[in-house]
Amino acid sequence: APAPPPARHLFSDPAEVEALRGNLLAWYDRCKRDLPWRALAATEPDANKRGYAVWVSEIMLQQTQVATVIDYYNRWMQKWPTLQALAQASLEEVNELWAGLGYYSRGKRLQEAARKVVSELAGQMPRTAEDLQKLLPGVGRYTAGAIASISYGQATGVVDGNVIRVLCRLRCIGADSSSPAAIDRLWDMANVLVDRSRPGDFNQALMELGATVCVPKAPLCGECPVKQHCQAWRRKLFGNPPKAPDIEDCGVGDCPLCPPATEPWDSSLGVTNFPRKAAKKPPRAMRTATCVLERRGCHGAPEYLIVQRPSSGLLAGLWEFPSLPLAQDLQEEREREELADHLQAWMGQPVAAKGLQFIGEVIHIFSHIHQTYVVYSLPLDGDVTLDPALSPSRWVTQDEFHASAVSTAMKKVWEA
Ligand code: SF4
């Protein structure tokens with residue numbers, strides 16, 4: 001078995017743990033943000049509804065800022081206030097409400113999981129982190145811990161990006177914080193620290209601290225309720241730990257949780273020496289030609305063709321203007337010809353590449369893709385018969401376009 005980490009990286013003093021819990025919870029009671037899912041989790045007497053409310057908020061908050069989520073969350077809960085209501089919704093409705101929130105598979109999986117709870121679990125949410133993770137598709141270790149602690153009072157820790165930052169600073173963990181060894185240690189710590197009588201509040205307090213005080217670039221250490229427990233802060237104030245080994249100190253150069261010897265403590269960074277991460281891979285560059293086809297509708301108003309993306313992969317099931325991924329370094333003339341061929345397959349009639357009007361380029365960054373849309377438009381005179389054998393497609397007015405399940409990237413194309 002691997003040797004236990006040195007004492008300085010652990011919370012091994014019960015008195016310190018107790019003091020840290022008390023300080024953090026007192027701060028949370030004074031300073032917590034007023035958020036709709038918190039109000040619901042605190043006042044809803046039906047445990048099943050509490051679990052559902054926290055679940056929806058946690059899925060929306062993955063990868064998305066709180067300020068953006070609030071409006072989506074309120075509309076979602078108004079439309080589908082219970083698991084049963086969500087289970088009856090169509091995927092199209094879910095995608096329409098989710099449009100603009102990004103990472104669209106989250107909404108789809110949430111709805112699939114709600115259907116599973118209704119059809120296979122008699123409409124009852126699982127009540128422990130272990131069962132939530134095991135039984136609900138799309139619910140990982142973090143989400144399961146959050147639902148179980150906040151909705152059902154299970155004393156189980158959570159580790160998300162905010163918690164990683166706070167814990168790495170509290171205990172000077174400078175190993176790559178995305179490595180499995182460091183992540184395991186951080187979960188152990190979160191489970192040791194979590195308050196036994198108020199686990200949901202404690203977990204939210206730790207995350208809130210990371211979101212509002214112990215922020216990535218300029219943490220507000222002076223206002224921090226746990227600064228007296230923070231080794232990064234102590235190290236910033238008092239400099240490097242003494243060279244002579246003591247019980248608090250790590251072994252010389254071989255501690256798996258200390259910064260690697262090649263990247264020692266940088267005093268100009270202070271507490272932001274932690275956490276550390278291995279360099280991210282740069283996003284993959286992609287170019288896609290997209291064409292806004294416009295016709296006069298039966299009342300004379302312009303209409304635009306949108307087509308549905310495949311039901312799996314990036315932006316699954318969302319609607320977009322007819323689009324075609326392009327090889328890199330293609331000449332503009334060749335891009336037009338390929339797009340014209342693609343549109344011809346849709347419309348069943350020849351499309352002259354010269355008729356495509358170049359509008360401009362629109363850049364959208366997905367988490368792992370740097371996407372450039374090369375935008376064209378093509379006004380049509382007569383009517384067009386679309387091939388029903390191809391993906392679903394429809395003509396929409398401007399208002400219908402904005403109410404449809406379209407991605408933020410396509411809204412940028414529209415603006416162009
Ligand atoms: Fe974060 Fe500073 Fe508080 Fe330490 S003292 S936990 S670095 S805000």
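These are my notebook entries on the domains, salt bridges and aromatic rings of this structure.

**Entry 1: getting my bearings**

I began by reminding myself that this is a predicted model. I looked up the secondary structure and found 16 helices and 7 strands in the protein chain. The C-alpha trace spans about 85 × 50 × 40 Å along its principal axes. I also checked burial: of the 416 residues, 49% are buried. Then I took the contacts between residues at least 6 apart in sequence, and 67% of these join residues at least 24 apart.

**Entry 2: two domains and what lies between them**

I looked up the domain bounds next, and the chain is divided into domain 1 (7–273) and domain 2 (284–415). Their C-alpha centres lie 40 Å apart. How many residues of each domain are in contact with the other? I found 8 in domain 1 and 15 in domain 2.

The area buried between the two domains is about 790 Å², and carbon and sulfur atoms give 47% of that. On the domain 1 side, I noted that Glu 92, Asn 95 and Tyr 104 supply 52% of the area this domain buries against domain 2, more than any other three residues.

I then asked for salt bridges between the domains, and the count is 1. Glu 92 also turned up in my salt-bridge search, where its side chain meets that of Arg 394 (3.9 Å, N to O). Arg 394 has a second entry in my notes, as it lies over the face of Trp 319, 4.3 Å from the ring centre.

**Entry 3: salt bridges elsewhere**

Searching the whole structure gave me 19 salt bridges. I followed helix α4 (residues 66–79) for a while, where Arg 75 and Asp 71 sit 4 residues apart, about one turn of the helix. These two form a salt bridge, with their closest N and O atoms 3.4 Å apart. Arg 75 is partly exposed at 34% relative accessibility, and Asp 71 is partly exposed at 43%.

The side chain of Lys 79 meets that of Glu 93 in another salt bridge (3.9 Å, N to O). Lys 79 is in helix α4 and Glu 93 is in helix α6 (residues 91–98), so this pair ties together parts 14 residues apart in sequence. Lys 79 has a relative accessible area of 42% and Glu 93 one of 31%.

Are Glu 303 and Arg 295 buried or exposed? I found both of them buried, and their salt bridge has its closest N and O atoms 2.8 Å apart. I also noted a network of salt bridges linking Asp 29, Arg 198 and Asp 201.

**Entry 4: aromatic rings**

I counted 9 aromatic pairs in the structure. One of them is Trp 265 with Phe 274, a tilted pair at 5.9 Å centre to centre and 40 degrees between the planes. Both of these residues are buried.

Why is the pair of Phe 358 and Tyr 376 edge-to-face? Their planes stand at 65 degrees, which is over the 60 needed, and the centres are 5.6 Å apart. Phe 358 is in strand β5 (residues 357–365) and Tyr 376 in strand β6 (residues 369–379), 18 residues apart. I checked the burial of each: Phe 358 is partly exposed at 38%, whereas Tyr 376 is buried at 0%.

I finished with two more finds. Tyr 304, Phe 321, Phe 401 and Trp 414 form one aromatic cluster. The charged end of Arg 171 sits over the ring of Phe 11, 3.9 Å from its centre.

Key: Residues are numbered from 1 along each chain as its sequence is written. This is a predicted model: local features need pLDDT of at least 70, side-chain atom pairs count only at pLDDT 80 or more; totals for chains, interfaces and linings use all residues. Side-chain values use heavy atoms; hydrogens and water are left out. Rings of Phe, Tyr and Trp (its six-membered ring) pair if their centres lie within 6.5 Å; planes under 30 degrees apart count as stacked, over 60 as edge-to-face and the rest as tilted. Buried means under 20% relative accessible area, exposed over 50%, partly exposed in between (1.4 Å probe, protein chains only). Helices (H or I, at least four residues) and strands (E, at least two) are DSSP runs, numbered from the N terminus. A charge sits over a ring if NZ of Lys or CZ of Arg is within 6 Å of the ring centre and within 35 degrees of the ring normal. Domain bounds come from an automatic or database domain assignment. Contact means heavy atoms within 4.5 Å. Buried area is the accessible area (1.4 Å probe) that two parts lose on being put together, summed over both. A salt bridge is a side-chain nitrogen of Lys or Arg within 4 Å of a carboxyl oxygen of Asp or Glu.
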